[in-house]
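Morning, everyone. I have one structure to walk through today. Please have a look at it first, and then we will begin with a single side chain.

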Amino acid sequence: MSRSSPTPIKDKVVAAALDLFAARGVAAVSVKDIAARSGASEGALYRHWGSKEAMAQALFNEGFTGLASGMRQIMHEERRLRPRLTRIVTYFCRRFDETRPLMAFLLLRHHEEMAKALRPSDDTPIRVLEDLVADAVAAGELPPILPSLGAALVLGLTIQPATFMIYGRRLDGSFTALAPALAHGALAALKAAAGTTNDQTDRITDDART
């Protein structure tokens with residue numbers, strides 16, 4: 001029987017940091033806290049990242065841009081709105097199930113970490129979804145709608161249920177099992193919002209003419 005290899009110290013430190021960052025926020029976690037949770041020395045963190053803040057920024061950048069990379073790959077493989085959206089939502093849900101501490105950190109702390117961790121050239125899930133909406137409008141699959149609004153709708157319909165699962169608010173179990181319902185809801189929201197936006201624009205134009 002083969003023995004499993006021990007988990008590298010760096011991986012233990014990362015796992016401990018993600019748990020703590022997601023639960024408390026970066027500012028409320030100390031290097032001593034991470035060392036105690038991981039069983040590693042404080043020096044192990046400083047050797048790899050230099051500081052707690054640098055570590056948090058690196059973990060956020062790697063996780064957020066990594067999520068975008070997987071979504072962008074789906075965009076390259078699919079050309080139509082429905083399969084693109086379905087696969088992207090399913091991908092997000094599977095990542096949530098497989099790497100929950102990382103996803104909790106990204107979802108719960110993205111407002112405070114995004115500006116510090118990301119460079120202007122970095123691809124993000126928001127940019128991928130904006131491109132998805134823009135492509136669908138250009139292809140005639142959606143009536144005109146602001147890409148940023150469309151991206152916000154899709155994110156809201158996936159992030160809020162994920163947040164409920166993180167906090168244990170009446171949702172538990174496999175998040176991936178919810179992917180078909182979330183994708184269907186996101187598509188319906190996009191179509192409804194695009195139609196409403198068009199109607200409002202037409203009314204504003206008519207009012208201006210009169």
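Let's start with methionine 114. Is methionine 114 buried, partly exposed or exposed? Its relative accessibility is 23%, so methionine 114 counts as partly exposed. The cut-off for buried is under 20%. Keep in mind that this is a predicted model.

Where does methionine 114 sit? Methionine 114 lies in helix H6. And what does methionine 114 touch? Leave out residues up to four places away in sequence, and the contacts are Phe60, Phe64 and Ile126. Remember the two phenylalanines on that list. They come back shortly.

One distance for methionine 114. Take isoleucine 34, 80 residues apart from methionine 114 in sequence. From C-alpha to C-alpha, the two are 22 Å apart in space.

Now step back to the whole chain. The protein chain has nine helices and zero strands. Reading along the sequence, you meet α-α-α-α-α-α-α-α-α. The C-alpha trace spans about 70 × 45 × 35 Å along its principal axes.

How much of the chain is buried? Of the 210 residues, 41% are buried. The accessible surface comes to about 11,400 Å². Carbon and sulfur atoms hold 54% of that surface.

Next, contacts along the chain. Count the contacts with a separation of 6 or more. Of these, 67% are between residues 24 or more positions apart.

Charges, quickly. The chain carries 26 positive and 23 negative charges. The mean positions of the two sets are 6 Å apart.

Now the aromatic rings. How many aromatic pairs does a search of the whole structure find? The search finds five. One of them is phenylalanine 60 with phenylalanine 105. The ring centres are 6.1 Å apart, and the planes meet at 90°. That pair is edge-to-face. It also links distant parts of the chain. Phenylalanine 60 is in helix H4, residues 52-77. Phenylalanine 105 is in helix H6, residues 100-117. The two are 45 residues apart. Both phenylalanine 60 and phenylalanine 105 are buried.

Here is a second pair: phenylalanine 96 and phenylalanine 175. Why is this pair called tilted? Its planes are at 55°, with the ring centres 4.9 Å apart, so the pair is tilted. This pair, too, links distant parts of the chain. Phenylalanine 96 is in helix H5, residues 81-98. Phenylalanine 175 is in the loop between helix H8 and helix H9. They are 79 residues apart. Phenylalanine 96 is buried, at a relative accessible area of 0%. Phenylalanine 175 is buried as well, also at 0%.

Rings can also join up in a cluster. Here, ring pairs link Phe21, Phe60, Phe64 and Phe105. Two of those names, Phe60 and Phe64, were on the contact list of methionine 114.

That brings us to the core. In soluble globular proteins, nonpolar side chains tend to be buried together. In this chain, the largest nonpolar core has 62 residues. Which residues have the most contacts inside it? They are Phe21, Ile34, Met55 and Phe105. Helix H4 gives the most to this core, with 10 residues.

Look again at phenylalanine 105. Its contacts, not counting residues up to four places away, include Leu18, Phe21, Ala22 and Val26. Ala56, Leu59 and Phe60 are also among them. So are His110 and Glu113.

Leucine 18 is next. Leucine 18 is in helix H1. At 8% relative accessibility, leucine 18 is buried. Without its neighbours within four places, leucine 18 is in contact with Leu59, Pro101, Leu102 and Phe105. Now compare sequence and space. Leucine 18 and methionine 103 are 85 residues apart along the chain. Their C-alpha atoms are separated by 9.1 Å.

Last residue: isoleucine 9. Isoleucine 9 is found in helix H1, residues 9-24. At a relative accessible area of 41%, isoleucine 9 is partly exposed. Leaving aside neighbours within four places, isoleucine 9 is in contact with Ala40 and Ala44. Arginine 82 is 73 residues away along the chain. What separates the C-alpha atoms of isoleucine 9 and arginine 82? The answer is 43 Å.

That's my tour. Thanks for listening.

Key
Residues are numbered from 1 along each chain as its sequence is written. Side-chain values use heavy atoms; hydrogens and water are left out. Helices (H or I, at least four residues) and strands (E, at least two) are DSSP runs, numbered from the N terminus. Buried means under 20% relative accessible area, exposed over 50%, partly exposed in between (1.4 Å probe, protein chains only). Contact means heavy atoms within 4.5 Å. Accessible areas come from the Shrake-Rupley method with a 1.4 Å probe; for residues, only the protein chains shown count as cover. Lys and Arg count as positive and Asp and Glu as negative; His and the chain ends are not counted. The place of a charge is taken as NZ of Lys, CZ of Arg, CG of Asp or CD of Glu. Rings of Phe, Tyr and Trp (its six-membered ring) pair if their centres lie within 6.5 Å; planes under 30 degrees apart count as stacked, over 60 as edge-to-face and the rest as tilted. A nonpolar core is a set of buried Ala, Val, Leu, Ile, Met, Phe, Trp, Tyr and Cys residues joined through side-chain atoms within 4.5 Å.
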